[in-house]
Amino acid sequence: MPSIEPDALGRLYRQHAPALLLYARQWPGAGEDLVHDAFVKLARQSPTPARILPWLYRVVRNTAIVAHRAAVRRRRREGVTGAPEVWFAAVDDQLDAQEAVRRLAVLALELREVIVARIW
């Protein structure tokens, strides 16, 4: 069976896109793009699915779930990489200002610049 005819695809879009859009909006961040992608995938299908409407709903649902999972993974990754680096384990481990000045004074200028730049 060949792929779907353009006229039939347009008719299906006009008839079912509003309901598919309402269905897609139940997932966070989902919307018109999911519906458009589903119809593009339908146009590329060869042969055309036997039951087109359930196929469209399944494609919208699966695409929304994949997009949601990707967003969750992206937020988790960005949270890990954006987390500040802990320099001191506890308040008791920190040097007082006078001790820090004394220790920095004995270092070579290049090392002192690197440490001061890293702390600030």
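These are my notebook entries on how the helices of this predicted model pack and on a few residues I looked up along the way.

**Entry 1: the overall layout**

I started with the secondary structure. The protein has 5 helices and 0 strands, and reading along the sequence gives me the pattern α-α-α-α-α. Next I checked burial for the whole protein: of its 120 residues, 22% count as buried. I also looked at how far apart in sequence the contacting residues are. Among contacts with a separation of 6 or more, 52% come from residues 24 or more positions apart.

**Entry 2: α1 against α2**

How do the axes of α1 and α2 cross? I found that helix α1, residues 6–24, and α2 have axes that come within 9 Å and cross at roughly 145°. The crossing of α1 and α2 is right-handed. I then listed the residues in the contact. From α1 they are L9, L12, Y13, A17, L20, L21 and A24, and from α2 they are E32, L34, V35, H36, F39, L42 and A43. Sorted by class, the residues of this contact of α1 with α2 come to 12 nonpolar, 1 polar and 1 charged.

**Entry 3: a closer look at L9**

I picked L9 from that list, as it sits in helix α1. Leaving out residues up to four places away in sequence, L9 touches I4, F39, L42 and A43. I also took the C-alpha distance from L9 to A43: the two are 34 residues apart along the chain and separated by 7.2 Å.

**Entry 4: α2 against α3**

I moved on to helix α2 (residues 32–44) and helix α3 (residues 52–81). Their axes come within 9 Å and cross at roughly 130°. I wanted a word for that angle, and α2 and α3 are therefore oblique to each other. Their crossing is right-handed. On the α2 side the contact is made by L34, V35, A38, F39, K41 and L42, and on the α3 side by I52, W55, L56, V59, V60, T63 and A64. By class, this contact of α2 with α3 has 11 nonpolar, 1 polar and 1 charged residues.

One more pair caught my eye here. R58 lies in helix α3, and its C-alpha is 9.0 Å from that of A38, with their positions 20 residues apart in sequence. Is R58 buried, partly exposed or exposed? Its relative accessible area is 45%, so I noted R58 as partly exposed.

**Entry 5: the loop between α2 and α3**

I then went through the loop that joins these two helices. P47 is found in the loop between α2 and α3. The peptide bond joining S46 and P47 is cis, with omega at about 5°.

T48 lies in the loop between α2 and α3 as well. Is T48 buried or exposed? T48 has a relative accessible area of 11%, so it is buried. What does the side chain of T48 reach? I found that it reaches the backbone nitrogen of I4 at 3.2 Å. I4 had already turned up in my notes, among the residues that L9 touches.

**Entry 6: α1 against α3**

My last helix pair was α1 and α3. They pack at an angle of about 35°, with their axes 11 Å apart. The crossing of α1 and α3 is right-handed. The contact is made by L12, H16, A19, L20, Y23 and A24 of α1 together with I52, L53, L56, Y57, V60 and R61 of α3. In this contact of α1 with α3 the residues divide into 10 nonpolar, 1 polar and 1 charged.

Going back over my lists, I marked some residues that recur. L12, L20 and A24 of α1 are in the contact with α2, and L12, L20 and A24 are also in the contact with α3. On α3, I52, L56 and V60 are in the contact with α2, and I52, L56 and V60 also appear in the contact with α1.

Methods:
Residues are numbered from 1 along each chain as its sequence is written. This is a predicted model: local features need pLDDT of at least 70, side-chain atom pairs count only at pLDDT 80 or more; totals for chains, interfaces and linings use all residues. Side-chain values use heavy atoms; hydrogens and water are left out. Axes are lines fitted to C-alpha atoms, for helices over the stretch in contact, and angles run from 0 to 180 degrees between N-to-C directions. Helices (H or I, at least four residues) and strands (E, at least two) are DSSP runs, numbered from the N terminus. Angles under 35 degrees count as roughly parallel, over 145 as roughly antiparallel, 65 to 115 as roughly perpendicular and the rest as oblique. A crossing is left-handed if the near helix is turned anticlockwise from the far one by less than a right angle, and right-handed if clockwise. Contact means heavy atoms within 4.5 Å. Ala, Val, Leu, Ile, Met, Phe, Trp, Tyr, Cys and Pro count as nonpolar, Asp, Glu, Lys and Arg as charged, and the others, Gly among them, as polar. Buried means under 20% relative accessible area, exposed over 50%, partly exposed in between (1.4 Å probe, protein chains only). A polar contact is a pair of N or O atoms within 3.5 Å; within protein, one must be able to donate a hydrogen and the other to accept it, and residues adjacent in sequence count only if both atoms are side-chain atoms.
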